[in-house]
Amino acid sequence: MKKLFIETLGCAMNVRDSEHMIAELNRKEPYELTQNLDEADLIIINTCSVREKPVAKLFSEIGVFNKHKKSGAKIGVAGCTASHLGKDIIKRAPSVDFVIGARNVSKITQVVDKKHAVEIDTDYDESTYAFGEYRTNPFKAMVNISIGCDKSCTFCIVPATRGDEISIPSDLLVQEISKAVASGAREVMLLGQNVNNYGRRFGAAEEQIDFTGLLRKISKIEGLERIRFTSPHPLHMDDAFIEEFASNPKICKQIHVPLQSGSTSLLKAMKRGYTKENFLNRCEKIRTLCPEATISTDIIVGFPGEREEDFADTMDVLEKVRFEQLFSFKYSPRPHTEAAEFEEQIDDKVAGERLTRLQARHTEILDEIMDAQLGKIHEVYFDELKSNGRISGRSDDGKLVFVEGSEELLGKIVDVKITKTSRGALDGVVV
């Protein structure tokens, strides 16, 4: 049996794309996954291009992999960087055997045996393609509900690498999730660049259903206990969606609301489509209807033209919402984006200092939030067995929880009393 080494960089959609590639390869011939590079017959790097560092890392990785691979092993590059660099990857690194873009995952078996094949068509429609079955974790399922992105955010390369947004027909999604539930999954994570824009456009199958309707439809699947999703867009968080989030008992009370900046003028320059006030209004409605919900966000610091008063607006939103989780980065100019051409680029030192201030204040907020969990009881779905006699899972509101336990707890939702807190996780005992 051939052995496959696959490295996945970036977002949850990339993780799911890697699972799809594994499933498709196994349809052609059996592959055994390996963590040992030197024994692999096929090496795939599934790339991310949202920020500059992962792109730079790619060519370093290719060099290392080529040096240590066994004779005859193939190297393939997949994902968003593959989409936007295409043939240039092979020009810069001739040791790469094939390149397959983020919109062409279903073609993996076509390119794997074709020397220097390049498939990067961002108009290719995989929305009705029935992928093979493979999941990294049998207790939870990740499901793409749409592909591509119709937004035109001036900082983001994703529309150029994943193409126009197309929703996957809801009946196909119900079938896929039902299969996962039948195989032991009790939780599903719905994935899309803007999941709550679902239904805007379909490919071959036309139907009238939006994201709120999809949530209701999926909730009817027997045996499915928990529904998560990422990432929604603030622009599409209408009252019906927030009310469904708050009232549907199967929807986990954890929501990602990407801010990017607290400055209305910068949000306009970013082409985000909402203002600071709009954003705060949506978060306030979530907090009012669902006080137990946790809210996470993304923030870019040092976007072109960011003044100190713009950054102060971002800090103000942080204080008002008190995000339970924060993904924050310095602005990184990306090819195929408008902002890369903006004149007023921010000095890296200034951006770094602002990022430090933002992260320091969030750390203080996070410590207060996590310390307050001591003694509380959470319903935890356990899905991963650790090597040290411990088992981990997530609370309904998304907190990582560890307990002493065995594989008997896997796939079960149990009450856990929190006995120890830290910024990244909670420890507890089953009650």
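In this predicted model, R16 and E176 form a salt bridge whose closest N and O atoms are 2.8 Å apart. The partners come from distant parts of the chain, with R16 in helix 1 (residues 12–28) and E176 in helix 7, 160 residues apart. R16 is buried, at 2% relative accessibility, and E176 is buried as well, with a relative accessible area of 18%. The second value may look like a borderline case, but E176 counts as buried because the cut-off is under 20%.

As general background, side chains of opposite charge can pair when their charged atoms come close. Across the whole structure, the search finds 39 salt bridges. Another of them joins R287 to E324, with the closest N and O atoms 3.3 Å apart. R287 lies in helix 11 (residues 276–289) and E324 in the loop between helix 12 and strand 14, so this pair ties together parts that are 37 residues apart in sequence. R287 is partly exposed, with a relative accessible area of 24%, whereas E324 is buried at 19%. A similar contrast appears for R307 and D310, whose salt bridge has its closest N and O atoms 3.0 Å apart: R307 is partly exposed at 41%, while D310 is buried at 2%. Salt bridges can also be joined up, and E306, E308, E353, R354 and R357 are linked in a network of them.

D310 falls within the residue range of helix 12, which spans residues 308–321 and also holds T314. T314 is buried, with a relative accessible area of 1%. Leaving aside residues up to four places away in sequence, T314 touches S261, G262, S263, I299 and L358.

Aromatic rings offer another way to follow the fold, and the count comes to 11 aromatic pairs. In one of them, the rings of Y274 and F279 have their centres 6.2 Å apart and their planes at 35°, so the pair is tilted. Both residues are buried, Y274 at 6% and F279 at 1%. The rings of F303 and F342, by contrast, meet with their planes at 90° and their centres 6.1 Å apart, so this pair is edge-to-face. F303 sits in the loop between strand 13 (294–301) and helix 12, and F342 in the loop between strand 14 (325–330) and helix 13 (348–371), so that distant parts of the chain, 39 residues apart, are linked. F303 is buried at 0% relative accessibility, but F342 is partly exposed at 26%.

Ring pairs also link F211, F229, F241 and F245 into a cluster. One member of this cluster, F245, has the charged end of K253 over its ring, 5.6 Å from the centre. Elsewhere, the charged end of R92 sits over the ring of F59, 3.7 Å from its centre. Another cluster member, F211, is among the buried residues of helix 8. With 7 of its 9 residues buried, helix 8 (residues 211–219) is largely enclosed by the rest of the structure. Its buried residues pack against helix 7 (170–182), strand 10 (187–191), strand 11 (226–230) and helix 9 (239–247).

Finally, the surface deserves a look too. I377, V429 and V431 make a nonpolar surface patch of about 270 Å². V429 belongs to strand 19 (residues 426–430) and is partly exposed, at 42% relative accessibility.

Conventions: Residues are numbered from 1 along each chain as its sequence is written. This is a predicted model: local features need pLDDT of at least 70, side-chain atom pairs count only at pLDDT 80 or more; totals for chains, interfaces and linings use all residues. Side-chain values use heavy atoms; hydrogens and water are left out. Helices (H or I, at least four residues) and strands (E, at least two) are DSSP runs, numbered from the N terminus. Buried means under 20% relative accessible area, exposed over 50%, partly exposed in between (1.4 Å probe, protein chains only). Contact means heavy atoms within 4.5 Å. Patches are made of residues with over 30% relative accessible area and no salt bridge: like charges are joined within 9 Å, nonpolar side chains (Val, Leu, Ile, Met, Phe, Trp, Tyr) within 5 Å. Accessible areas come from the Shrake-Rupley method with a 1.4 Å probe; for residues, only the protein chains shown count as cover. A salt bridge is a side-chain nitrogen of Lys or Arg within 4 Å of a carboxyl oxygen of Asp or Glu. Rings of Phe, Tyr and Trp (its six-membered ring) pair if their centres lie within 6.5 Å; planes under 30 degrees apart count as stacked, over 60 as edge-to-face and the rest as tilted. A charge sits over a ring if NZ of Lys or CZ of Arg is within 6 Å of the ring centre and within 35 degrees of the ring normal.
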